[in-house]
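Dear colleague,

Please find below the structure that I am handing over to you. My notes on it follow directly after.

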Amino acid sequence: MEEKEKKFTSVSIPVPLFEKIKKRINGTGFTSVSDYVTFVLREILAEEEEDEGEEPFTKEDEEKVKERLRALGYLD
Amino acid sequence: MTFLVIGIDAATWKIIKPNINELKNFRRLMKIGRYKTLILNEKPISASAWCSIFSGKTPEEHKHKAFVENGNLKTRDDIKVDFIWDILHKQNYDVRALNIPFVIPPYNFNCKFKPVGYGLPETPDEWQEELEKVTSKAIEILEEKPDLLCVVYSLLDRIQHFHWNEPIVLEWYKRIDSVIGKLILYADKFIIISDHGFCDRDDAEVQTLPEKTPRGEIKGDHDKEAILITNIDYDIEKLQDVFYAIMEEMKNGQGNYGNGI
């Protein structure tokens, strides 16, 4: 199996924002501003994936699924 | 480091072991890791079993028994548990789940994927399409080096229901073997698991399907003997242990797995 190193890079944020985050994470489970920023960005990206991702599951889709389930014998 | 969990719905040693010389990736991974039969304590039903594997809960705890209840399709929101991806995501790990068939259509987490035939591939063309699409999406994700990817192939279950004891079954195991070889290149740690085994319909623990269906005669059905191959130390004895094995591995691998805190 290949050894795949996790890579990190730097992103600049305004110093006042950095300081604000530093205060906010005090006493939380976040041990650094980077951890917090990574968490927030992942949350946003995950939400966006969810919004863009799955097309809405319509009544028509549901009927098609049930047709397949019937064809395979899962539904009477 | 990436921890890769490959689920193969309905994979059974009954096909793998007698044909191991034709399944080179299974053979290699069994050699470098450990392998065993997991005897299910619960009924061998896919919806419930995949839910147990990725939530660590027993069927009595997660209460998810079937794809359909009272004529309605069950959805993720109907199942009141946190899955491994929910928990690790909150702990700042980069976790993805692809094509997980505890519900229909199969569930995805942190990735965009449209399952083939709503996760119920019916024909050889659709089986092949699922194999290719799931593999291609899994590789796309693995190239981003997530901390954990859980991915499931569902096609073998359908193939075995309709073609059990026919040569075509081994043909599809060979194709699965080939894609495992591609995915495993990206993994440091891995678990390969099935949700149940397979056998003649008459010998089956449960008859999940009637003998005659609009798609043809059902020749095989589920038994309680799931497969497990892994290179992690955690002693996995039952389906739910996969959840705890992943949690333990992430905890022990702190600093190696992404930004986990």
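I begin with a lysine of chain B: B:Lys63 sits in the loop that runs between α4 (59-62) and β3 (68-69) of that chain. Please bear in mind throughout that this is a predicted model. The backbone at B:Lys63 deserves a look, as its phi is near 60°, a positive value in a residue that is not glycine. B:Lys63 has a relative accessible area of 58% and is therefore classed as exposed, the cut-off being over 50%.

A second residue of chain B also calls for attention. B:Tyr118, likewise not a glycine, has a positive phi of about 55°. Its place is the loop between β6 and α6 (124-142) of chain B. Is B:Tyr118 buried or exposed? Its relative accessibility is 18%, so B:Tyr118 counts as buried, the limit being under 20%.

The backbone of chain B holds one further point for you to inspect. The peptide bond between B:Ile104 and B:Pro105 is cis, with omega at about -5°. B:Pro105 belongs to the loop between β5 (95-100) and β6 (107-109) of chain B.

I turn now to the contact between the two chains. Chain A contributes 35 residues to this contact and chain B contributes 48 residues. Together the chains bury about 3600 Å² between them, and 57% of that area is on carbon and sulfur atoms.

Which residues form the salt bridge between the chains? The count for this pair of chains is one salt bridge. A:Arg68 is the partner from chain A and B:Glu126 the partner from chain B, with their closest N and O atoms 2.8 Å apart. In addition, 10 residue pairs are in polar contact between chain A and chain B, counting pairs with both residues at pLDDT 80 or more.

On the side of chain A that touches chain B, α2 (33-52) and α3 (59-72) of chain A each supply at least two residues. The element that gives the most to this side is α3(A), with 10 residues. By character, the residues of this side of chain A divide into 19 charged, 12 nonpolar and four polar.

When you open the model, I would suggest viewing the salt bridge between A:Arg68 and B:Glu126, and then the cis peptide bond joining B:Ile104 and B:Pro105.

With kind regards

How values were computed
Residues numbered from 1 in each chain as written. Chains lettered and ligands numbered in written order. Predicted model: local features only at pLDDT ≥ 70, side-chain atom pairs only at ≥ 80, totals over all residues. Heavy atoms only, no water. Contact = heavy atoms within 4.5 Å. Buried area = accessible area lost by both parts, 1.4 Å probe. Salt bridge = Lys/Arg side-chain N within 4 Å of Asp/Glu carboxyl O. Polar contact = N/O pair within 3.5 Å; in protein donor to acceptor, adjacent residues only side chain to side chain. Helix = DSSP H or I, 4+ residues; strand = E, 2+ residues; numbered from the N terminus. Nonpolar A, V, L, I, M, F, W, Y, C, P; charged D, E, K, R; others polar. Buried < 20%, exposed > 50% of the residue type's maximum accessible area, 1.4 Å probe, protein only.
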